[in-house]
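User: Please take a close look at the strand pairing in this model, and then at the backbone and side-chain details around it. A plain account in connected prose is enough.

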Amino acid sequence: MTRFVSFVLLFPLVSTLPALAVTITSPNNNAQVTSPISLVASADSCSDHPVTAMGYSLDSDTDTTMVDQAGINAEVPASTGTHTLHVKAWNTQGQVCVEDVAVDVTSASDSSTPQATSARATALARAQRSA
């Protein structure tokens, strides 16, 4: 009679998850915050390519406030209520990586009314001042 011995080799299952392209340091997801929202974020790479610019937008706003660097340190005005802050990073190939963070703004100062923060709004504000 022949015996068959089966060996099961167990290897630890190592799963390497890709690092997030955009790292949001502040605010935390689902945090209660006051306005203006303190946004601190960075990105070294997006889709394995260096980041050349970052930006952010609030909720469904189609304007994105841009910075020509791989980090953001900004005060984002917002009204009271729940919001989604979209933080974006563009790489050298033109690809975009986005990380969202949800916040609940519990109070807003009078200065929380959005000022001319996007490139389009800044140009409009300059044109209005010189008119």
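Analyst: Strands β3 and β7 run antiparallel and are joined by six bridges; two strands count as paired if DSSP finds at least two bridges between them. Strands here are DSSP runs of E with at least two residues, helices are runs of H or I with at least four, and numbering starts at the N terminus. The model is a predicted one, in which local features need pLDDT of at least 70 and side-chain atom pairs count only at pLDDT 80 or more, while totals for chains, interfaces and linings use all residues. Residues are numbered from 1 along each chain as its sequence is written, and side-chain values use heavy atoms, with hydrogens and water left out.

Within the pairing of β3 and β7, Val40 has Asn73 of β7 as its bridge partner. Both strands belong to an open sheet of three strands, ordered β1-β3-β7 and paired in the antiparallel sense. The edges are taken by β1 and β7 (71-76), each with a single partner strand, so one side of each has no neighbour in the sheet. From one strand to the next, the twist averages 20°, with axes as lines fitted to C-alpha atoms and angles running from 0 to 180 degrees between N-to-C directions.

Two loops beside these strands hold cis peptide bonds. One is the bond from Ser26 to Pro27, with omega near 5°, and Pro27 sits in the loop between β1 (23-26) and β2 (31-35). The bond from Ser35 to Pro36 is also cis, with omega near 5°; Pro36 is placed in the loop between β2 and β3 (37-42). As background, most peptide bonds are trans, and most residues other than glycine have a negative phi.

Strand β5 (residues 49-58) is the next element to consider. Seven of its 10 residues are buried, so β5 is largely enclosed by the rest of the structure. Buried means under 20% relative accessible area, exposed over 50%, and partly exposed in between (1.4 Å probe, protein chains only).

What does β5 pair with over seven bridges? The partner is β8 (residues 81-91), in the antiparallel sense, and in this pairing Gly55 is opposite Lys88 of β8. Strand β5 also runs antiparallel to β6 (residues 65-67), to which three bridges join it; here Met54 faces Val67 of β6. With β4 (residues 45-46), β5 shares two bridges, again antiparallel, and Cys46 is opposite His49 in β5.

Two of these pairings are hairpins. Between β4 and β5 the hairpin leaves two residues, and Ser47 has a positive phi near 55° there. Ser47 takes this value although it is not a glycine. At a relative accessible area of 41%, Ser47 is partly exposed.

The hairpin of β5 and β6 has six residues between the strands, and Asp59 in that turn has a positive phi of about 55°. Asp59 is not a glycine either. With a relative accessible area of 31%, Asp59 counts as partly exposed.

Asp59 also links this turn to strand β8, where His86 is found. The backbone oxygen of Asp59 is 2.8 Å from a polar atom of the His86 side chain. That distance falls under polar contacts, pairs of N or O atoms within 3.5 Å; within protein, one must be able to donate a hydrogen and the other to accept it, and residues adjacent in sequence count only if both atoms are side-chain atoms. His86 counts as buried at 17% relative accessibility. Apart from neighbours within four places in sequence, His86 is in contact (heavy atoms within 4.5 Å) with Gly55, Tyr56, Ser57, Leu58, Asp59, Val98, Glu99 and Asp100.

For the wider setting, the protein chain has nine strands and one helix, in the order β-β-β-β-β-β-β-β-β-α from the N terminus. Of its 131 residues, 31% count as buried. Among contacts in the chain with a separation of 6 or more, 61% are between residues 24 or more positions apart. The accessible surface of the chain is about 9000 Å², with 53% belonging to carbon and sulfur atoms; areas come from the Shrake-Rupley method with a 1.4 Å probe, and for residues only the protein chains shown count as cover.
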